[in-house]
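Subject: Structure handover and findings

Dear colleague,

Please find the structure below, passed on to you together with its sequence. I would be grateful if you could read my notes alongside it.

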Amino acid sequence: MELNIRRALFEGYRALIGSLRFGSRGTIIWDSWDMWLLEIIILPLAQISFFEILATYANYSPAMVQYVVIGNAIQTMSFSSVFAVANITSSDKWQGTLPSILLTPASRASIIMGRALYQIIMSTLISTTGLLYAYFLFGVNFSSANYLFLAVSLLLTSISMISFGLLISTIGLYMRTAMIVANVFLFIGLLVCGVNFPISELPVWLRPLSYVIPLTYGLDAVRLSIAGAGFYAVGIYLLYLVIDGLAVFSMALLLTKTFERLARKSGRLEIY
Amino acid sequence: MSSGEVSRVQVVKASMILTARNFFADPQWVIPSIIAPFVFTLVSLFLFSHVNGPILLYAVLGGGMMGMWGTTVYGSGSSIGFDRWNGTLECTLSAPTPLMWIVLGRVIWNTLEGSINALFILAIGFLWFRVGIGIADPGLFAISTIITFLSLSAFGLLLANIVVLSRKGGFLTNGIEIPVYIATGTMFPIGLLPFFVQGFSFALGPTWGIDAIRKAAIAGYTGLPVSIYVDLLVTVLATVVYMALSAYFFTKVEKIAKRNGTLGDY
């Protein structure tokens with residue numbers, strides 16, 4: 001019994017590492033230096049600039065403009081953590097490799113997590129660049145910032161958002177593609193997660209969506225870290241973030257099993 | 001009119017109809033190209049909701065413009081990209097008709113698709129944010145919209161050149177989406193932009209087009225310090241320049257693509 005568990009863990013670990021290597025190499029080949037430049041350098045600058053100018057034009061106070069700048073700096077990680085991760089299964093379907101992958105006895109969780117793990121680095125890099133822009137170009141005040149809390153908040157937001165991307169990715173197992181939903185959730189955070197204005201300004205019927213997406217809690221934790229809030233103030237949002245991230249990840253695993261079973265039953269794995 | 005010209009018009013028409021049929025067969029694919037402008041406009045409406053004056057109509061018109069920009073940019077990136085994906089790019093380039101006319105038909109439909117976003121935004125602005133949709137001069141508004149539409153299509157055609165030679169063209173055109181929203185003053189006056197960006201803004205026909213649309217729609221709107229007719233003239237001139245540049249670059253790019261023989265590389 002104990003031997004079986006150890007063997008399963010070892011095989012899961014091998015699948016995870018193999019998948020991580022494959023995922024990162026594939027991404028590095030695809031994301032050549034100009035793609036990196038676009039994703040890490042240009043996209044955050046463009047998005048932050050758009051909303052910063054918009055908030056200035058709408059006569060927002062300097063504090064509120066800073067709120068908008070920080071919000072967008074963090075939200076840009078969605079390009080990597082949500083969009084890229086959500087398209088993992090759809091890409092396999094496009095390339096015709098999904099049926100082969102699902103024929104292997106390897107743990108699905110290990111395979112998918114391995115492919116997504118690399119995006120933790122990418123999404124953290126994107127948001128860090130966004131925060132550097134916030135400081136150097138948009139005058140956000142970091143004088144009171146607690147950098148340790150900020151780093152932890154960024155990392156946990158990235159991991160939780162990748163779980164959210166995985167949840168969307170499961171749709172690609174059964175439906176033709178997850179790309180459409182991935183596109184929607186790439187940008188919907190701008191509206192519902194408190195990126196540009198507090199969620200209290202949203203209509204009540206929209207707010208439940210805010211509480212499901214981990215970015216909402218991540219943003220609170222990041223803003224409090226920059227404002228120099230104490231351990232308990234930041235910690236409560238990090239706790240929410242971890243709980244939400246785990247819930248979303250569990251849901252992703254459950255849906256992977258469900259959609260894989262449905263796809264096998266209906267023979268839809270290769271339908272595209 | 002020579003038979004060659006008729007043939008090219010027919011190609012543009014056929015290409016446009018085929019793209020339209022593809023759209024109606026699977027309309028969900030409009031979402032990736034309009035979701036960004038749609039959400040950006042909704043956020044703008046929230047941010048502007050406490051500001052008095054005709055700012056909401058200003059934002060709704062800007063949102064419509066962003067929708068057309070979004071589908072133009074996305075469509076230009078994907079029109080050749082999908083050919084490459086599906087393995088039909090070689091056949092398309094082997095046809096006796098220059099590629100430019102085939103792409104033009106696709107780009108015109110893609111820009112037209114953007115008006116779907118404009119309708120959504122208009123409906124949300126009217127029903128949710130109670131935006132008054134009174135147009136000051138409907139005739140000039142219609143003319144301005146059509147000329148701006150043509151200018152966007154011509155710009156999309158120019159962009160499509162990038163994609164013929166590069167497998168990454170689709171991603172690059174996605175990357176310029178937000179910068180063009182900023183540069184053309186879709187949601188705020190270009191006077192708020194840094195000086196070096198303003199030069200780029202003035203070189204874009206749609207910057208003048210959106211200014212004309214707003215002048216025709218909003219009574220008392222000042223915008224750029226020129227009359228609406230100057231706006232329209234510059235938009236037309238920019239469209240002609242884009243078309244001429246597109247014709248030149250498409251000829252060059254087609255030759256390079258055929259000489260290198262790397263069209264199918266993906």
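The notes below go through the chains, their contact and one pair of helices.

Please keep in mind that this is a predicted model, in which local features need pLDDT of at least 70 and side-chain atom pairs count only at pLDDT 80 or more, while totals for chains, interfaces and linings use all residues. Residues are numbered from 1 along each chain as its sequence is written, and chains are lettered from A and ligands numbered from 1 in the order in which they are written.

Chain A holds 13 helices and zero strands (DSSP runs numbered from the N terminus, with H or I over at least four residues for a helix and E over at least two for a strand). Its radius of gyration, taken over C-alpha atoms, is 19 Å, close to the 19 Å that the globule rule (2.2 Å times the number of residues to the power 0.38) gives for 272 residues, so chain A is as compact as a globular protein of that length. Along the principal axes, the C-alpha trace of chain A spans about 60 × 40 × 40 Å.

Chain B has eleven helices and zero strands. For chain B the radius of gyration is 19 Å, close to the 18 Å given by the globule rule for 266 residues, so this chain too is as compact as a globular protein of its length. Its C-alpha atoms fill a box of roughly 60 × 35 × 35 Å, taken along the principal axes.

As for the contact between the chains, 27 residues of chain A touch 23 residues of chain B, contact meaning that the C-beta atoms, placed from the backbone, lie within 7 Å. On the side of chain A, α2 (33–57) and α10 (179–192) each supply at least two residues, and the largest share, 14 residues, comes from α2(A).

Within chain A, the axes of α4 (residues 78–86) and α7 (residues 108–136), which are lines fitted to C-alpha atoms over the stretch in contact, come within 7 Å and cross at roughly 155°, on a scale from 0 to 180 degrees between N-to-C directions. The two helices are therefore roughly antiparallel (over 145 degrees). The contact is made by A:F79, A:S80, A:S81, A:A84 and A:V85 of α4(A) and by A:A116, A:Q119, A:M122, A:S123 and A:I126 of α7(A).

Finally, α7(A) has 29 residues and reaches 43 Å from its first C-alpha to its last, close to the 42 Å expected at 1.5 Å times one less than its number of residues.

Best regards

Methods
Angles under 35 degrees count as roughly parallel, over 145 as roughly antiparallel, 65 to 115 as roughly perpendicular and the rest as oblique. Two residues are in contact if their C-beta atoms, placed from the backbone, lie within 7 Å.
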